[in-house]
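Work through the exercises below with the sequence and the model open. Try each task before reading its solution.

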Amino acid sequence: MRNKFLKRKVSLFMTIVLFSNILIGSSANAADVTLCAGFNDVLNTSAACEAVTYVKERAIFQGYANGNFHVEKPINRAEAVKVVLAAFVNENFDAATFLDGGMLGFKDTLAGSKEWWYVYVKRARELGFIQGYVDGNFRAGSNVTRAEFLKMVLAASPSKMDVAKMVID
C-alpha cells in the first residue's frame, strides 16, 4: 500500500514538473544525440528526457500526431484533464461509453460534442475534480495555470484532499 502511494507521488511530481515549465534542455556532442522516448523533438540529452520517458511509459502522455512531445509548449485545460485522468483514474475511455448526451453543466461545452476532449471532460466532471469557472464556462482551449492543474491533481489523487474549499486566484 505504501509503495503504491509512493509511486503515485512520484508520478504526480514528475507530471507537475513537466507542466511547470522548469525543465531546461542541455547540449551534447552530435554523435551522442539520439531521440528520447521516440519523440522527434526531445533528445536523450535533454533534462526533460527522464520525465518524458516516465510519462510516456505509463501512458500519461502520448505526444502529438506528428511525433513531437513539445516539452516547452503550455497545455490547455482539456489536455490537462486527460493527463490527470491518465495518471489517477484507471479506466478505458471508449468514446461510446461516455457519449450518452449527458449535460456537462458548462455553457461552452455542448452535450455530445465531437471534440476529442469531450469524453475526458465529461468523466472528470462526473468524478468531481473539475468545476469550471464562476461564469459557467470550462474554457477547454485556454492554457491551464499551475494552480488549476494542481487543484485537478489534488482532487483526483487517492489522498482525497478537500479541494472544493480551495480558492484559486
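Contact means heavy atoms within 4.5 Å. This is a predicted model, in which local features need pLDDT of at least 70, side-chain atom pairs count only at pLDDT 80 or more, and totals for chains, interfaces and linings use all residues. Residues are numbered from 1 along each chain as its sequence is written, and side-chain values use heavy atoms, with hydrogens and water left out.

**Exercise 1. The core**

Task: find which residues have the most contacts inside the largest nonpolar core, then list what Ile130 touches.

Solution.
Step 1. Fix the term. A nonpolar core is a set of buried Ala, Val, Leu, Ile, Met, Phe, Trp, Tyr and Cys residues joined through side-chain atoms within 4.5 Å. Buried means under 20% relative accessible area, exposed means over 50%, and partly exposed lies in between (1.4 Å probe, protein chains only).
Step 2. Read off the core. The largest one has 40 residues, and Val81, Phe129 and Ile130 have the most contacts inside it.
Step 3. Ask which elements feed it. Helices (H or I, at least four residues) and strands (E, at least two) are DSSP runs, numbered from the N terminus. At least two core residues come from each of β2 (39-43), α2, α3 (77-88), α5 and α6 (146-156). The top contributor is α3, with eight residues.
Step 4. Turn to Ile130. Leaving out residues up to four places away in sequence, Ile130 touches Val81, Phe106, Val121, Ala124, Arg125, Phe138 and Met152.

**Exercise 2. The disulfide**

Task: locate the disulfide and describe its geometry.

Solution.
Step 1. Apply the cut-off: a disulfide is a pair of cysteine sulfur atoms within 2.5 Å.
Step 2. Count. The structure holds one.
Step 3. Name the pair. Cys36 and Cys49 are linked, with sulfur atoms 2.2 Å apart. Distant parts of the chain are joined here: Cys36 sits in strand β1 (residues 35-36) and Cys49 in helix α2 (residues 49-57), 13 residues apart.
Step 4. Add handedness and burial. The angle about the S-S bond is 100°, and the link of Cys36 and Cys49 is right-handed. Both Cys36 and Cys49 are buried.

**Exercise 3. Charge pairs in α5**

Task: find which residues share salt bridges with Glu126 in one network.

Solution.
Step 1. Recall the principle. Side chains of opposite charge can pair when their charged atoms come close.
Step 2. Set the test. A salt bridge is a side-chain nitrogen of Lys or Arg within 4 Å of a carboxyl oxygen of Asp or Glu. The whole structure has five.
Step 3. Take Lys122. Its closest N and O atoms with Glu126 are 2.6 Å apart. Both residues lie in helix α5 (residues 118-127), four residues apart, about one turn of the helix.
Step 4. Take Arg123. Its closest N and O atoms with Glu126 are 3.1 Å apart. Arg123 and Glu126 are three residues apart in α5, again about one helical turn.
Step 5. Join them. Shared partners put Lys122, Arg123 and Glu126 into one network.
Step 6. Check exposure. Lys122 is buried at 4% relative accessible area, and Arg123 is buried at 17%. Glu126 is partly exposed at 42%.
Step 7. Look at the whole helix. Seven of the ten residues of α5 are buried, so α5 is largely enclosed by the rest of the structure. Gly128 follows α5, with a positive phi near 85°.
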